[in-house]
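Dear colleague,

I am handing over the structure below so that you can look through it at your own pace. My notes on what was found follow after it.

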2 protein chains.
Amino acid sequence: MSLSRIRLESLNSKVMSAQEAAALIEDGMVVGSSGFTKAGDSKVVLPALAERAKIEPLKITLITGASLGHGTDGKLAEAGALAKRMPFQVDRILRDKINAGEILYIDQHLSETAELIHNKNIAGVDIAVLEVACIEADGSIVPTTSVGNSVTFAALAKKVILEVNTAVPLEIKGIHDIYQAEDYPRRNVIPIVASENKIGRKTIALDPSKIVGIVMSDIEDSPADIAEPDDKTTAIANHILGFFENEVKLGHLTESLLPLQAGIGKVANAVLTGFKNSNFKNLTMFSEVLQDSTFDLIDAGKMDFASASSITVSKACYDRVFSNLDKYRDKMVLRPQNISNTPGLVRRLGIIAINTAIEFDIYGNVNSTHISGTKIMNGIGGSGDFARNAYLSIFVAQAASKENKISHVLPMVSHVDHTEHDVDILVTDIGLADLRGLAPRERAKKIIENCVHPDYREELQSYFDRACERGGHTPHLLEEAFSWHLRLSETGTMKKN
Amino acid sequence: MSLSRIRLESLNSKVMSAQEAAALIEDGMVVGSSGFTKAGDSKVVLPALAERAKIEPLKITLITGASLGHGTDGKLAEAGALAKRMPFQVDRILRDKINAGEILYIDQHLSETAELIHNKNIAGVDIAVLEVACIEADGSIVPTTSVGNSVTFAALAKKVILEVNTAVPLEIKGIHDIYQAEDYPRRNVIPIVASENKIGRKTIALDPSKIVGIVMSDIEDSPADIAEPDDKTTAIANHILGFFENEVKLGHLTESLLPLQAGIGKVANAVLTGFKNSNFKNLTMFSEVLQDSTFDLIDAGKMDFASASSITVSKACYDRVFSNLDKYRDKMVLRPQNISNTPGLVRRLGIIAINTAIEFDIYGNVNSTHISGTKIMNGIGGSGDFARNAYLSIFVAQAASKENKISHVLPMVSHVDHTEHDVDILVTDIGLADLRGLAPRERAKKIIENCVHPDYREELQSYFDRACERGGHTPHLLEEAFSWHLRLSETGTMKKN
């Protein structure tokens with residue numbers, strides 16, 4: 001089995017155990033690892049490294065595509081193996097250590113990490129750990145369920161460890177489109193003008209002399225947690241679908257809309273599910289991750305093509321896709337994340353971007369990352385890559401949560417990830433605010449009318465009215481701007497008693 | 001004189017006075033007008049409209065390229081002629097009325113306005129007022145000192161008024177590169193891979209049947225106010241030049257650097273002036289406005305080519321450029337602002353972006369637009385178009401001002417235009433903070449050490465230390481975050497007494 005996946009004979013001598021491979025990683029190294037939204041991550045070497053860090057002092061900088069599966073980030077964090085982590089994470093243990101100041105985290109636009117490494121704007125990668133489906137006779141590698149930043153790591157890391165995952169069928173070859181723009185100052189056009197364009201190679205080039213270890217594994221990706229639509233997410237989805245229907249009626253969009261990008265999570269899932277029983281057709285995606293709903297729409301004949309950097313699906317969907325790869329082969333592509341998320345392509349293709357907010361304010365500024373302005377949840381991910389340049393930038397949140405003790409529509413957000421300039425449409429379960437062409441005071445009026453939970457509407461209106469009395473283009477009462485957050489921290493609720 | 005500039009004979013009957021042309025603009029109309037950083041604006045029709053609005057009720061929505069010269073925005077605002085204004089302004093009278101809530105202002109990324117109009121995401125343009133150097137026999141028009149959004153206005157406005165400015169030499173034809181990307185979903189690649197590429201036509205296409213009035217004028221652009229470098233701006237410029245020299249030494253950049261973008265103002269001027277006596281050579285610009293310093297660098301043999309959307313220079317420089325157009329013709333180009341500022345080109349070319357901040361905070365979030373979070377100064381302009389996608393994003397500010405009563409380095413900015421994700425380097429007269437590859441707590445340390453005025457260092461350090469005790473990825477004390485702004489408003493200084 002192993003030999004059929006290592007097609008460059010001279011490499012057979014490099015096969016070793018995960019422990020042996022982990023031993024090649026030295027204290028202080030910058031490690032670049034595959035893995036994007038839990039897909040295509042290191043299943044055995046990084047976990048072995050976490051084991052090793054339990055018994056000897058060892059701290060690395062870990063750069064990935066995005067989040068890892070199998071609790072690997074947590075294991076590494078718990079073992080004290082992480083000095084610095086970028087560009088994204090979703091792990092509870094790691095997050096706690098970041099917020100405690102024990103691990104340094106750089107929260108980056110997902111399109112930018114590879115650029116920063118190429119441009120030497122951040123430290124170079126010492127060693128890469130990449131999951132692959134196979135190694136070709138020319139030394140090039142076939143990625144698995146994500147591409148992420150692996151092209152960059154393979155090109156620029158001094159040494160490379162490969163994890164050959166035999167659980168991934170060899171037929172996965174060909175769903176990847178491996179392309180990188182030239183270095184500055186000779187960068188050329190990226191010739192993608194539609195989601196379905198494939199412009200590169202099927203495999204990632206790799207100098208075989210850099211391969212210092214090959215480890216076999218047969219572990220599948222962590223499955224995605226699929227949350228069925230509930231009342232709130234269905235309400236949000238229906239507001240968005242109703243908005244799209246109206247845009248079609250107005251002649252602004254056709255029934256194929258424009259390529260869709262959707263963040264991970266319940267709401268995106270509910271919106272995409274909503275398309276199944278709609279009049280929309282010939283839909284396309286140009287996103288960073290493909291979830292169950294993408295394949296449901298392909299199966300329902302509603303979606304023609306989907307482009308992303310990873311496939312993150314439930315166990316059932318994983319089996320469906322990988323048992324029927326020939327059916328999906330011409331309907332999807334996985335790209336490096338600095339291509340899937342590159343701002344120029346987002347504007348060229350005219351993406352409709354749907355992303356999740358932790359909170360937003362009366363002027364439409366969005367906080368995607370921080371609880372009460374200080375504690376990170378996950379990270380900005382690709383939301384900024386898409387929202388800034390989208391044809392339409394939509395952000396969603398529930399109006400209130402925790403028995404309505406927390407309002408997600410606020411006087412002022414406690415941290416800004418997306419400014420008012422980059423937010424066209426805000427949606428909660430209460431309603432949708434179309435902010436296009438509105439000045440700040442008009443935005444506030446519409447957000448208060450349409451989006452805030454009724455329990456908070458009166459106080460939000462009062463804040464805005466009193467701020468307006470004091471004047472300004474963007475009226476605020478700085479001494480009160482964070483009073484809702486402070487009240488929550490003092491009393492356990494944002495509500496006035 | 002007039003006839004030689006109106007080369008389509010049938011249009012001679014459309015020549016009229018500014019008052020007659022202004023009378024064609026109706027109450028409630030959306031007016032799209034030429035003009036970008038005071039260059040190429042309407043010199044006679046909009047001022048005549050302001051006069052008319054003094055004696056009859058009249059309110060329009062005015063969309064331009066960017067700011068207007070000759071106090072026109074102020075005249076319109078004072079006459080009550082403006083209901084809504086976008087995407088940029090710098091006028092004191094208009095600003096006061098925006099901040100009083102009397103005029104609605106939409107502060108937009110300058111690359112986006114044309115996109116929003118094309119995509120019908122904002123209301124269509126009823127009538128355009130465009131300054132031109134001449135009208136060709138095919139009805140197409142030659143712009144003057146800016147292109148701005150005029151291509152979009154000419155294409156999409158229902159009616160067009162032209163101001164033929166005979167003060168602009170006819171030889172200006174050929175310095176413009178008129179190109180627009182296709183409409184969605186058929187948009188193609190914008191084939192610019194270097195500042196000097198010219199990919200379009202010399203004139204703006206215009207259906208002559210839409211021309212409802214032609215007005216002659218002979219008024220030059222408002223001259224730029226050139227501030228000579230002072231101690232602070234020179235200090236900032238020297239920090240930046242020293243940084244560039246070091247990047248060259250490290251092999252990250254060559255002595256040609258990468259294409260430069262610089263915002264308007266004293267600091268940009270000081271930085272560019274600093275290049276004159278440096279070892280840098282074969283410099284290029286890919287910016288939104290060309291200022292005196294650009295032409296000084298061309299004359300000094302330091303700059304090979306400069307691309308922008310407008311020329312905004314002093315009277316002396318204006319005369320120098322327009323008396324020697326043949327000398328500069330192959331060294332510059334003016335583009336539509338949705339090309340000069342388009343995010344995809346900024347990343348493709350690898351721009352070094354230098355923009356001005358009103359204030360920034362310990363984590364590197366930048367406020368470019370609002371005084372104390374509420375009152376707008378000018379607007380975000382093109383800074384977001386460039387900063388987000390730049391190879392290097394640099395923001396500058398003086399450390400303190402008004403006898404050091406105001407610190408421009410703060411615990412938390414009162415308004416966010418550029419998030420920590422988009423800011424690589426911060427510079428004040430005190431020093432430069434290189435934030436690349438740093439996590440928030442590291443960024444704070446460096447900013448406090450290198451950038452803050454010594455009068456405020458201790459208190460800023462104390463804020464950060466006490467915030468860290470409470471924890472978080474981005475430690476803050478929400479109850480104190482705006483205390484410096486509040487103290488300024490209460491006591492006239494940010495300093496503790």
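**A small sheet in chain B**

In chain B of this predicted model, the residue Phe360(B) has Val409(B), which lies in strand E23(B), as its bridge partner. The strand E16 of chain B, made up of residues 359-361, is joined to E23(B) by two bridges, and these two strands run parallel. Both belong to an open sheet of three strands, in which the order is E17-E16-E23 (chain B) and the pairing is mixed. Because strand E17 (366-367) and strand E23 (409-410) of chain B each have a single partner strand, they stand at the edges, and one side of each is left without a neighbour in the sheet.

**How the two copies are arranged**

In general, two copies of a chain are related by a rotation about an axis and a shift along it. Here, a turn of 180° with a shift of 0.0 Å along the axis lays chain A on chain B with an RMSD of 0.0 Å, and the two copies are therefore related as by a two-fold rotation axis. Within chain A, the C-alpha nearest this axis belongs to Gly344(A), at 1.7 Å from it. The copies also meet through the same surface, because 100% of the interface residues of chain A are interface residues in chain B as well.

**An annotated span in chain A**

In an unreviewed entry, UniProt lists residues 9-215 of chain A as "domain: Acetyl-CoA hydrolase/transferase N-terminal". In the model, this span of residues 9-215 of chain A is 21% helix and 19% strand, and its end C-alpha atoms lie 15 Å apart.

With best wishes

Definitions and conventions
Residues numbered from 1 in each chain as written. Chains lettered and ligands numbered in written order. Predicted model: local features only at pLDDT ≥ 70, side-chain atom pairs only at ≥ 80, totals over all residues. Heavy atoms only, no water. UniProt positions renumbered as here; feature names shortened; annotations may be inferred. Helix = DSSP H or I, 4+ residues; strand = E, 2+ residues; numbered from the N terminus. Least-squares fit on C-alpha atoms with pLDDT ≥ 70 in both. Contact = heavy atoms within 4.5 Å. Pairing = 2+ DSSP bridges.
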